[in-house]
Amino acid sequence: MTLERYLATAQDLALRAGAELLRHREAPIVSESKGVPRELVTAADRASERIVVGGLQRAFPDHDILAEEGVLTDEPASRDGCEWLWIVDPLDGTTNFVHGLPYYAVAVALAYCGAPVVGVVHAPALKTTYFASAGEGAYQCVGGGAPTRLHVSKTAACADALIATGFSYNRNEDGTDDNTERVAAVLPRCRDLRRLGSAELDLCLVAAGSFDAYWERYLQPYDVAAGAVLVREAGGAITDYAGGDNWLFGDSVVASNDRVHRELLGLLASARR
Ligand code: 2AM
């Protein structure tokens, strides 16, 4: 199975969609709520999605597509069945985009039999593209330069780790884990915490060795699929909070350089909820 053509198409579409996002940033941004308080959508999300999904439909008419805004697509019949499934976040980090922070990205992943095998995360305002495909390693390109190979950090203990997390839009809903207890459990035991606001970029920064680990709940497959390929190809680990494999379609994600994984899982589990 050669993934080269899939990776090249994903890179091309992510770059074109990223240019569209930058064009939208030049005009005032109008955002609407998606129904869940805080969760925003803009014309830029939809325009980016049309570019990526339209391009994928033309290039690979037999493949299924799961895209955040569903502009050109319906929910695929099966999300984790044994076929090719493209997973697209046209604008990950929408809140950053709306507020003028550069941590947002177009994320395009391809999964085979429910396992992501190609991932591209393009952050146009950072002029940085992260990409990986199964067995071929993880890379970043800055400013259109030559790709450089990525490796996770070698940090061996949470006490020396810079760890990222996020807070879900639905954190005020009854019975929802708002992450404050887990922050209270990890913060005293790590070097420091960061909250950048783009799950895909958080994962890429684990792959790049800047973050030693990352955790978050209530994400969707399009928030994590592409970055997960980067983490694994850079030598890292990705699991759910229980240390199992249900991180893509489940409701919790922990990614790390592998070395601090078990300790971080223990800290997260020690939280009061
Ligand atoms: P978005 O920017 O594409 O909406 C911030 O914590 C990160 O988590 C972002 O990647 C954001 O994706 C995602 N996120 C936060 N809450 C979410 C929710 N309830 N459902 C899906 N994605 C969520």
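**A ligand and a seven-stranded sheet**

Visitor: In this predicted model, which residue of E6 is the bridge partner of Val106?

Guide: Val106 falls within strand E5, residues 105-112. Strand E5 is joined to strand E6, residues 115-123, by bridges, and the two run antiparallel. The residue in E6 that pairs up with Val106 is His122.

Visitor: How many bridges join E5 to E6?

Guide: These two strands run in an antiparallel way. The Val106 and His122 pair belongs to this pairing. The number of bridges joining E5 to E6 is seven.

Visitor: What is the order of the strands in the open sheet?

Guide: The sheet holds seven strands, and their pairing is mixed. Strand E3 (64-67) and strand E9 (148-149) sit at the edges with a single partner strand each, so one side of each has no neighbour in the sheet. Reading across, the order is E3-E4-E5-E6-E7-E8-E9.

Visitor: Which residue in the turn between E7 and E8 has a positive phi?

Guide: Strands E7 (residues 128-133) and E8 (residues 137-142) are antiparallel and share six bridges. In that pairing, Thr128 stands opposite Val142. The two strands make a hairpin with three residues between them, and the turn residue with a positive phi, about 85°, is Gly135.

Visitor: And how many residues lie between E8 and E9 in their hairpin?

Guide: E8 and E9 also run antiparallel, joined by two bridges, and Tyr139 stands opposite Arg149 in E9. In the turn, Gly143 has a positive phi of about 60°. The count of residues between E8 and E9 is five.

Visitor: Let's turn to the ligand. Which strand gives the largest share of the shell around the ligand?

Guide: The shell splits into six nonpolar, seven polar and six charged residues. Of the 19 residues around the ligand, the nearest are Asp92, Gly93, Tyr169, Glu216 and Asp223. The largest share, three residues, comes from residues 84-92, which is strand E4.

Visitor: Which residue has a polar side-chain atom 2.7 Å from an oxygen atom of the ligand?

Guide: Let's go through some candidates. Thr94 uses a backbone N or O atom, 3.0 Å from a ligand oxygen atom. Ser168 does use its side chain, but an N or O atom there is 3.2 Å from a nitrogen atom of the ligand. The one with a polar side-chain atom 2.7 Å from a ligand oxygen is Tyr169.

Visitor: How much of the ligand's exposed area does the protein bury?

Guide: The space that the ligand takes up is the largest pocket. Taken alone, the ligand exposes 480 Å². Of that area, the protein buries 95%.

Notes: Residues numbered from 1 in each chain as written. Predicted model: local features only at pLDDT ≥ 70, side-chain atom pairs only at ≥ 80, totals over all residues. Heavy atoms only, no water. Near = heavy atom within 4 Å. Polar contact = N/O pair within 3.5 Å; in protein donor to acceptor, adjacent residues only side chain to side chain. Areas by Shrake-Rupley, 256 points an atom, 1.4 Å probe, with all protein chains shown as cover. 1 Å grid on protein atoms, 1.4 Å probe; cavity = no way out; pocket = protein on both sides within 12 Å on 5 of 7 lines; lining within 4 Å. Sits in = over half its atoms within 2 Å of the grid points. Helix = DSSP H or I, 4+ residues; strand = E, 2+ residues; numbered from the N terminus. Nonpolar A, V, L, I, M, F, W, Y, C, P; charged D, E, K, R; others polar. Pairing = 2+ DSSP bridges.
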